[in-house]
Amino acid sequence: MCESFLESSPFFPAINRSPVLPWRKTRSCLSAPSAAMKSSSPAASVFGSNPADAITRRCIAPLPFLMVVGLSLILLYRATTPAMPFPPSSLRVDQARTVVAAVSSEPPPSSSLPPEGQDERLGRVLREAATEDKTVILTSLNSFWSAPGSVLDLFLESFRVGDGTRELLNHLVIVTVDDRAYERCLAVHRHCFDLKTEGVDFSGEKVFNTPEYLDMMWARLDFLRLVLEKGYNFIFSDVDVMWFRNPLPYFYADGDFQISCDNFLGDPTNLKNWPNNGFNYVKSNNRSIEFYKYWYSSRARFPGVHEQNVLNIIKYDPYVRRMGVSIKFLSTERFGGFCEPSRDLNKVCTMHANCCIGLGKKIDDLRAMLDDWRKFMSLPQDAQMKSRFSWSIPQSCRLPPGFFSNKEHKHHL
C-alpha cells in the first residue's frame, strides 16, 4: 500500500517514483497503519483514515518524546549552573549596601580641586550679580554693622519698601571684612564677598577718624579700584544709605566719577561742592582706574587723613585735570542725607545718615526715615504728587548751626 501511495500521490514528483527498496518496507512514518491502529487510535477520528492523515499521525508521534528529552536537558543545565540572574532580596540589599559603602568611601570629586582664591571668588561673585552692562551695587560692613536689628537690616528693608528698588537686590554685593559679618550676610542675602586683609582685624566698632577706621576706609578704596580693573561699573553705597528709587536714570551720561554731597552748591561740575564718598557711581575705564590709583597713592602724602578729605584736596590737582576724568557732583535733591535732606519725596532716590556719629543715633533716625517713607507711600498717588510731605528727621543726628561754614574755614580738612 505504501508503494502504491507514493506512486500515486500528487505530493511527490514523477522523478522520485523509483522502485521501493527493501528498507522502506519497515514501519516508519510512511508505512501503512495496522488495522488495530485504524480501529483503536483516537487520532483516527480526528484525521480520518485517508493516506494523508496517516502520514500526519506518524510524523507528530515523536513530538512528546522530543519534548521530554528537551525538558531533561534544561533541568540538567539548571542543576549544574550555580549562577542566579536575580539574587534573593536579602542578597540584593547586602550588595546595594556594599556599593553605597564603596561610593561613600571615595573622596568627593571637588576635594581634588585647589581651593578658590580670593581673586577668583571676587570674579565669580561679580559675574553673578552684574547687570547686562556689567554694573554692580556694592556695600561694605563689619560685624558691628551687620548684627540682627542693626543697620544692615534697615538697609535691605529700604530696597524692599522703595519704589521699584526691590529687584535691585539681585545686583547688590555685600562686601564683608570679618567672618561674623560674612556669616550674617550669607543668612540674609544672596551675593556676599569676604574681603580678607592679612594682619588686620576689622571687626567691632571703628570710631570715626581713628587709625583703625582710616585703615578700613583706605582698604575699601583700594578694593573698589580692583573692581574697576575687572571691567565692572559700580554704585557704591554705605550701608547707612536708604534706597527709595532706582538712581541709575539720574546719573550723568558723561560722568566717569559721580559722587554724592554733604553740601551741594547747585552746579554738578563745581569743585567746591563738598563730596561724601558714602555714595558714588563710577564707570570702568582707563580714566577712572588711573584716578583711583592716584587717589589711593595720595595717602602717603597726607598720612592720618580720611580718604574723603584727601579727595577734597586732589580734586584740584592739575594732574587730575590732565588725566581727563570727568567728575560730577550729585544733587541733594535726589541724593540727600542728614547733612542736607532731600525736600521732595517725589524725587528722592537715596538718603544717607551722614553728619551723624554713633550707631545708636543712626539707627534711631534711619527707622524714623523708613516710617516717614511708608506713610508717604500709603497716600493715594494723586495725593503724593500734591503733598508737601516732609521728613521728620534728623532728630538724634541734628547738626549744629554753621556746620558747613566751619568746615569751609578749615580748608576742607
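Student: What makes E5-E10-E9 an open sheet, and how is it paired?

Tutor: In this predicted model, three strands form the sheet in the order E5-E10-E9, with mixed pairing. Strand E5 (241-243) and strand E9 (335-337) are at the edges and have a single partner strand each, so one side of each lacks a neighbour in the sheet. On average, neighbouring strands here are turned by 25 degrees against each other, direction ignored.

Student: How do you know that E9 and E10 pair?

Tutor: Two strands pair if DSSP finds at least two bridges between them. Three bridges join E9 to strand E10 (residues 350-352), and the two run parallel. Therefore they count as paired. Phe-335 stands opposite Thr-350 in E10.

Student: Where else does Phe-335 appear?

Tutor: Ring pairs link Phe-335 into a cluster with Phe-155, Phe-159, Trp-243, Phe-251, Phe-279 and Tyr-281.

Student: How many aromatic pairs does the structure hold, and why is the pair of Phe-291 and Tyr-292 called edge-to-face?

Tutor: The structure holds 22 aromatic pairs. For Phe-291 and Tyr-292 the values are 6.1 Å centre to centre and 85 degrees between the planes. Centres within 6.5 Å make a pair, and planes over 60 degrees apart count as edge-to-face, so the name applies. Both Phe-291 and Tyr-292 are buried.

Student: What makes Lys-328 count as lying over the face of Tyr-252?

Tutor: The distance from the ring centre is 5.6 Å, and the cut-off is within 6 Å, together with an angle within 35 degrees of the ring normal. Lys-134 likewise lies over the face of Tyr-232, at 4.5 Å from the ring centre.

Methods:
Residues numbered from 1 in each chain as written. Predicted model: local features only at pLDDT ≥ 70, side-chain atom pairs only at ≥ 80, totals over all residues. Heavy atoms only, no water. Phe/Tyr/Trp six-rings, centres within 6.5 Å; stacked < 30°, edge-to-face > 60°. Buried < 20%, exposed > 50% of the residue type's maximum accessible area, 1.4 Å probe, protein only. Helix = DSSP H or I, 4+ residues; strand = E, 2+ residues; numbered from the N terminus. Axes fitted to C-alpha atoms, helices over the stretch in contact; angles between N-to-C directions.
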